[in-house]
Structures are given as C-alpha cells and as structure tokens.
Amino acid sequence: MKTILFSFLIVSSSAFTQVTTLNPISDVSLGYHDNYNTENNNYSTAPQFAGFVQVGTQGGVNSNRGLIKFDLSSISQTAVIDSAKLFLYMYNGYSGGPLTAGHYGDNECYLRRVTSDWGDLTVSWNTQPSATTVDEVTLSQSTSSNQDYVVRVDNIVQYMVNNPSLNYGMKLGLVNEVIGNNLSFHSNNSLDPLKRPTLVVYVRTADLEENTSTIFNCYPNPANDNLTLELIDGKKDIKIYDAVGKTILEISELEDSKITVDITNFNSGIYFVSVVNGSKSFTKKIIKE
C-alpha cells in the first residue's frame, strides 16, 4: 500500500518547524499457530498490527508480532528530530474468540528498531528480522479494552533519518508472550483509512528557508463559523489538518483566489491550513473557537 505523505512548515518568530505525516509503506503481521504449522506463512495483508498470544482454533497456541516501516526520505538526513509520534488505533475486527473483546491481559508491548532487511511479501515468523533493544520504547499495559495509543519514537526515528540505508522499520511484540495477552491495532490494510497507523515527525530548524511574505492569508483567526482564505495564483490544493495530522477537509485543483470555508462543525481547537501550489507548500495555524 502506498505511503501518504504530508509535509508543511509552521512559522514562528525564531525558527521553522517542519511537520511530516506518514502512513506505512510496509506493515506485516508475524503469525504462528503451532497447531497448523504456519510459521512459514506470510501475512502481509492482515488488518491487524498486534502483539498477542491466545489459545488457537481447535487447540494449540496462536502467537502474533508485527513489523512496520515508514519512508523517511522526505526528511533531511541531517535533520534534528524534535519529536516523532506514532498513532495506533485499537483493532477488534477478529472473527471470533477472546480477541474480539479488544485489549486484555498483561499486554505491555515493546517497539524495537529492526536491524536487518525483510520483504513484506515474503517475511514470516521463521524469517522475521533481528531487532535491537537500543532506544526500545514500551507500550504500557492497556487501561481499557478499546484504548488508542500515541507512542513517542523520537530516538528510533532520529537514527533511521540519520542512517537511511539502515531504515528497516520497527517490530512490535508482547513483553510477556504467554497465553491470555493481547494488544491489537489497525494495520495499514485497515478498511478504515482514519484508523491506519500514522507517524508524525516534527523537525525544528532555523535553516529552512522560505519566503514568508508569499504565504497566503486566512481570517478571522480565531474563527468560529466561517474561515476566509486569500490564496496565491494558479491551481492549488487545500487541506485542513487537525493537531495530530488527520485530514479534516480537502479541496483539489482550486482556481479561485478567495474562498470561504464553513468550519461550523469543526471541534474547538488548533488546525493547520495547507496550500500546495506546484512544488511550494505553505501552512498557517488557525484556532477554531
């Protein structure tokens, strides 16, 4: 499945913040059911990105880990990462058994940086790549069966940005791999695009050069019902994102130089309005009252 990339600039008085939002280029379920000898099966189309161990169908043990990888090539190799947040959304679309109840058990999981290559169409439980505990991140035991997670993976992403040839992604697995534990999230194969894993990377640097005088205008700010946009010339694409990078509104190939957007139904909070004109991308922060 193709990655979805969104990158924009937030301008402050002292520096720029580049924000890049990504969906995975690869994620794979590593499944092994010892009663069916599935350790060599590839599950690249699985809808879950999960760590679990449960009693298998008709006996045996059914175990699962996950691999996930993002294309970070849009971020400069010398960039200093302010933060990198991985958004994961609870999955309970299993066909039967205890997994349908959502998260349960002693389900603390790790996220580790993968240290060897793997192919999303060929990797299996038996051929899963190695991973390091250096900069390992822990997903704490869930506090509810339907809990979503925001995981800080700053150091892992920093390493992969600085060493692009060693970007093999991350591995998810249970800390305690015994029967009765489950932490399951939607994968990039989810039928709900809003539930697919999302990585948001923030890079703050004074070295990004942009002519801020050419940035479009939007008003009033804060806004309540309507937002007016005065735009640069030519065809342009407009996207409005919320604070975690989710697309709230999208308009493609707009030719008007001034439009009014109804934001009455937006929740109160911070949003980013992005205008893409050719190779140029401009963004402003707005507040919905």
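**Close-up 1. E177 and its salt-bridge partner R65 in the predicted model.** At 34% relative accessibility, E177 is partly exposed, and its side chain forms a salt bridge with R65, with 2.8 Å between the closest N and O atoms. E177 sits in the loop between β10 (170-174) and β11 (181-186) and R65 in strand β5 (residues 61-69), so the pair ties together parts that are 112 residues apart in sequence. R65 is buried, its relative accessible area being 17%. The structure holds five salt bridges, and two others have their own views below.

**Close-up 2. A salt bridge between E136 and R112.** Here, too, the N to O distance is 2.8 Å. E136 belongs to strand β8 and R112 to strand β7 (residues 109-114), so this contact ties together parts that are 24 residues apart in sequence. E136 is partly exposed at 29% relative accessibility, and R112 is partly exposed at 23%. While you are in β8 (residues 131-139), have a look at D135 as well. D135 has a positive phi near 65° although this residue is not a glycine, and with 31% relative accessibility D135 counts as partly exposed.

**Close-up 3. The salt bridge of D154 with R152.** The closest N and O atoms of this pair are 2.6 Å apart. D154 is buried, with a relative accessible area of 17%, whereas R152 is partly exposed at 45%.

**Close-up 4. The positive phi of N37.** Most residues other than glycine have a negative phi. N37, which is not a glycine, has a phi of about 55°. This residue is in the loop between β3 (26-33) and β4 (48-55), and N37 is exposed, with a relative accessible area of 56%.

**Close-up 5. Two cis peptide bonds in the loop between β13 and β14.** Most peptide bonds are trans. The bond joining Y219 and P220 is cis, with omega about -10°, and P220 is found in this loop. The bond from N221 to P222 is also cis, with omega near 10°; P222 lies in the loop between β13 and β14 too.

**Close-up 6. An open sheet of three strands, β13-β14-β17.** The pairing is antiparallel. Strands β13 (217-219) and β17 (258-262) are the edges, each pairing on one side only, and the twist averages 20° from one strand to the next. Strand β14 (residues 226-230) pairs with β17 over five bridges. To find your way along this pairing, look for T228, which stands opposite T260 in β17.

Definitions and conventions
Residues numbered from 1 in each chain as written. Predicted model: local features only at pLDDT ≥ 70, side-chain atom pairs only at ≥ 80, totals over all residues. Heavy atoms only, no water. Pairing = 2+ DSSP bridges. Helix = DSSP H or I, 4+ residues; strand = E, 2+ residues; numbered from the N terminus. Axes fitted to C-alpha atoms, helices over the stretch in contact; angles between N-to-C directions. Buried < 20%, exposed > 50% of the residue type's maximum accessible area, 1.4 Å probe, protein only. Salt bridge = Lys/Arg side-chain N within 4 Å of Asp/Glu carboxyl O.
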